[in-house]
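User: Please take a close look at one strand of this model and describe how the rest of the chain is arranged around it. I would like one connected account, with the charged pairs included.

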Amino acid sequence: MNARISKPMRPRSLRILVVEDDPDALKATVDLLEALGHSPSGLSSAELAIDRYLDGAFDAVVTDVGLPGLSGLDLAGILGRGARIPIIFATGRPAPAQLPAGRAWLRKPFTAGQMARPVGQVMAPGGPASPG
């Protein structure tokens with residue numbers, strides 16, 4: 001008898017751009033994503049993110065909404081003009097009634113488990129679409 005042993009599939013490590021103006025929150029989010037097995041890169045403003053963003057360089061973006069200058073919503077609109085990239089809004093603000101496909105809302109403060117849900121949905125066809 002020829003039996004195959006299947007190993008559980010480990011989720012693919014994602015390259016995630018994190019945009020957060022609060023240095024402590026930025027470090028905590030980057031550390032949390034690393035602990036979840038991903039490869040995050042952190043920046044402190046939407047303007048820096050736009051300057052350094054290249055289509056295809058990241059699998060997803062996690063951004064605060066209330067950034068100084070351009071907001072996370074502005075950033076999503078600008079990045080959405082090119083290739084469609086999933087965006088997770090990490091904010092203390094309440095979630096809107098609806099989000100476009102490929103967008104998720106994560107209410108601060110959040111746990112690793114709460115972050116893992118929308119990040120995992122990034123891999124699903126159509127990406128995240130509901131508030132988290």
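Analyst: Helices and strands here are runs assigned by DSSP, with at least four residues for a helix and at least two for a strand, and both are numbered from the N terminus. The model is predicted. In these terms the protein chain contains four helices and five strands, and their order from the N terminus is β-α-β-α-β-α-β-β-α. The strand chosen for the close look is E1, residues 15-19.

Some context for the chain comes before the strand. The protein chain has 132 residues, 39% of them buried. Its exposed area is about 7500 Å², of which carbon and sulfur atoms supply 57%. Among the contacts between residues at least 6 apart in sequence, 61% join residues at least 24 apart.

The five strands form an open sheet with parallel pairing, in the order E2-E1-E3-E4-E5. E2 and E5 are the edge strands with a single partner each, so each has one side without a neighbour in the sheet. On average, neighbouring strands in this sheet are turned by 20 degrees against each other, with direction ignored. Toward the E5 edge, E4 (residues 87-91) pairs with E5 in the parallel sense through five bridges, and Ile88 is placed opposite Ala104 of E5. Two helices can be described against this sheet. H1 packs on the sheet and touches E1, E2 and E3, with its direction at about 170 degrees to that of E2. H3 (residues 72-79) also packs on the sheet, touching E1, E3, E4 and E5, and its direction makes about 175 degrees with that of E4. E1 is thus touched by H1 and by H3.

Within the sheet, E1 sits between E2 and E3 in the strand order. On the E2 side, five bridges join E1 to E2 (residues 39-43), and the two strands run parallel; Leu17 stands opposite Ser41 there. On the E3 side, four bridges connect E1 and E3, again in the parallel sense, with Ile16 opposite Ala60. E1, H1 and E2 together make a right-handed β-α-β unit. Is E1 itself mostly buried or exposed? Four of its five residues are buried, so the strand is largely enclosed by the rest of the structure.

The charged pairs come next. Side chains of opposite charge can pair when their charged atoms come close. The structure holds four salt bridges. One of them starts in E1: Arg15 pairs with Asp59, with 3.0 Å between the closest N and O atoms. Arg15 belongs to E1, while Asp59 lies in the loop between helix H2 (46-52) and strand E3 (60-63), so the bridge ties together parts that are 44 residues apart in sequence. The two partners differ in burial class: Arg15 is partly exposed at 35% relative accessible area, whereas Asp59 is buried at 13%.

A further salt bridge involves the loop between E1 and helix H1. Lys108 and Glu20 meet through their side chains at 2.6 Å, N to O. Glu20 is in the loop between E1 and H1 (23-35), and Lys108 is in the loop between E5 (103-107) and H4 (112-121); the two residues are 88 apart, so the pair links distant parts of the chain. Lys108 is partly exposed, with a relative accessible area of 26%, and Glu20 is buried, with 6%. Asp64 joins these two residues in a network of salt bridges.

Another salt bridge lies in H1, the helix of the β-α-β unit described above. There the side chains of Asp31 and Lys27 meet at 2.7 Å, N to O. These two residues are four apart in the helix, which means that about one helical turn separates them. Asp31 is partly exposed at 34% relative accessibility, while Lys27 is exposed at 51%.

Taken together, E1 is flanked by E2 and E3 in the sheet and is largely enclosed by the rest of the structure. Its residue Arg15 is held in a salt bridge with Asp59, and the loop between E1 and H1 contributes Glu20, a member of the network with Asp64 and Lys108.

Methods
Residues numbered from 1 in each chain as written. Predicted model: local features only at pLDDT ≥ 70, side-chain atom pairs only at ≥ 80, totals over all residues. Heavy atoms only, no water. Buried < 20%, exposed > 50% of the residue type's maximum accessible area, 1.4 Å probe, protein only. Pairing = 2+ DSSP bridges. Right-handed = clockwise from strand over helix to strand, strands pointing away. Contact = heavy atoms within 4.5 Å. Areas by Shrake-Rupley, 256 points an atom, 1.4 Å probe, with all protein chains shown as cover. Axes fitted to C-alpha atoms, helices over the stretch in contact; angles between N-to-C directions.
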